[in-house]
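This report walks through one structure, beginning with its interior and moving on to how its parts are arranged and where selected residues sit. The sequence and the model are shown first.

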Amino acid sequence: MEKKYDLEDRLVLFSGETIKFCNTFGNTFAENHLKNQLIRSSTGACLNYGEAQGAESKKDFIHKSGIVLKELKNQELL
């Protein structure tokens, strides 16, 4: 049986796992700042990919997918 590659489902899972991970942080100013940024980036990537799926043209899809990539790279920097 062939595995289905569904990026949207994987991004939703990634967002959920990021939120769970952030819930393990403490409550200092720095920890709150980092967990808020991590949650915004992961959920932003997921939501922006959903927007890209509804793109009006190939050029629009490429642009919106670029925004998803930026959000995911933001995770890498943290």
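## The nonpolar core

In this predicted model, the largest nonpolar core is made up of 5 residues in all, namely Leu11, Ala45, Cys46, Tyr49 and Val68. Helix H2 gives the most to this core, contributing 3 residues.

Alanine 45, one of the core residues, has contacts that can be listed once residues up to four places away in sequence are not counted: alanine 45 then touches Leu11, Val68, Glu71 and Leu72. Of these partners, Leu11 and Val68 are themselves members of the core.

## Overall architecture

The protein has 3 helices and 0 strands, and, when read along the sequence, it follows the pattern α-α-α. Taken along the principal axes, the box filled by the C-alpha atoms of the protein is roughly 45 × 35 × 15 Å.

Of the 78 residues of the protein, 22% count as buried. Among the contacts in the protein with a separation of 6 or more, residues 24 or more positions apart account for 55%.

## The packing of H1 against H2

Two packed helices are described by the angle between their axes and the distance between the axes. For helix H1, which covers residues 7-22, and helix H2, which covers residues 29-53, the packing angle is about 165° and the axes lie 9 Å apart. That angle makes H1 roughly antiparallel to H2, since angles over 145 degrees are counted in that class. The crossing in which H1 passes H2 is left-handed.

On the H1 side, the residues that meet H2 are Leu7, Glu8, Leu11, Val12, Phe14, Ser15, Thr18, Ile19, Phe21 and Cys22, while on the H2 side they are Lys35, Leu38, Ile39, Ser42, Thr43, Ala45, Cys46, Tyr49 and Gly50. The residues of this contact of H1 with H2 divide into 12 nonpolar, 5 polar and 2 charged.

## Two residues of H1 at the contact

Serine 15 lies in helix H1 and is one of the residues through which H1 meets H2. Its relative accessible area is 6%, so serine 15 is buried. With residues up to four places away in sequence not counted, serine 15 touches Ser42, Thr43 and Cys46, and each of these partners is listed on the H2 side of the contact.

Glutamate 8 is also found in helix H1, but a relative accessible area of 35% makes this residue partly exposed. Leaving aside neighbours within four places in sequence, glutamate 8 is in contact with Tyr49 and Gly50, and of these two, Tyr49 belongs to the largest nonpolar core. Glutamate 8 and threonine 28 are 20 residues apart along the chain, and their C-alpha atoms are separated by 33 Å.

## The loop between H1 and H2, and the start of H2

Phenylalanine 25 has its place in the loop between H1 and H2, and with a relative accessible area of 21% phenylalanine 25 is partly exposed. Once neighbours within four places in sequence are left aside, phenylalanine 25 is in contact with Glu31, Leu34, Lys35 and Leu38. The C-alpha atoms of phenylalanine 25 and lysine 35, which are 10 residues apart along the chain, are separated by 7.4 Å.

Asparagine 32 lies in helix H2 and, at 22% relative accessibility, counts as partly exposed. Leaving aside neighbours within four places in sequence, asparagine 32 is in contact with Gly26 and Asn27. Asparagine 32 and cysteine 22 are 10 residues apart along the chain, with their C-alpha atoms separated by 8.9 Å.

## A residue of H3

Leucine 69 lies in helix H3, which spans residues 58-77, and at 46% relative accessibility leucine 69 counts as partly exposed. Between leucine 69 and alanine 52 there are 12 Å in space, C-alpha to C-alpha, for a pair that is 17 residues apart in sequence.

How values were computed. Residues are numbered from 1 along each chain as its sequence is written. This is a predicted model: local features need pLDDT of at least 70, side-chain atom pairs count only at pLDDT 80 or more; totals for chains, interfaces and linings use all residues. Side-chain values use heavy atoms; hydrogens and water are left out. Axes are lines fitted to C-alpha atoms, for helices over the stretch in contact, and angles run from 0 to 180 degrees between N-to-C directions. Helices (H or I, at least four residues) and strands (E, at least two) are DSSP runs, numbered from the N terminus. Angles under 35 degrees count as roughly parallel, over 145 as roughly antiparallel, 65 to 115 as roughly perpendicular and the rest as oblique. A crossing is left-handed if the near helix is turned anticlockwise from the far one by less than a right angle, and right-handed if clockwise. Contact means heavy atoms within 4.5 Å. Ala, Val, Leu, Ile, Met, Phe, Trp, Tyr, Cys and Pro count as nonpolar, Asp, Glu, Lys and Arg as charged, and the others, Gly among them, as polar. Buried means under 20% relative accessible area, exposed over 50%, partly exposed in between (1.4 Å probe, protein chains only). A nonpolar core is a set of buried Ala, Val, Leu, Ile, Met, Phe, Trp, Tyr and Cys residues joined through side-chain atoms within 4.5 Å.
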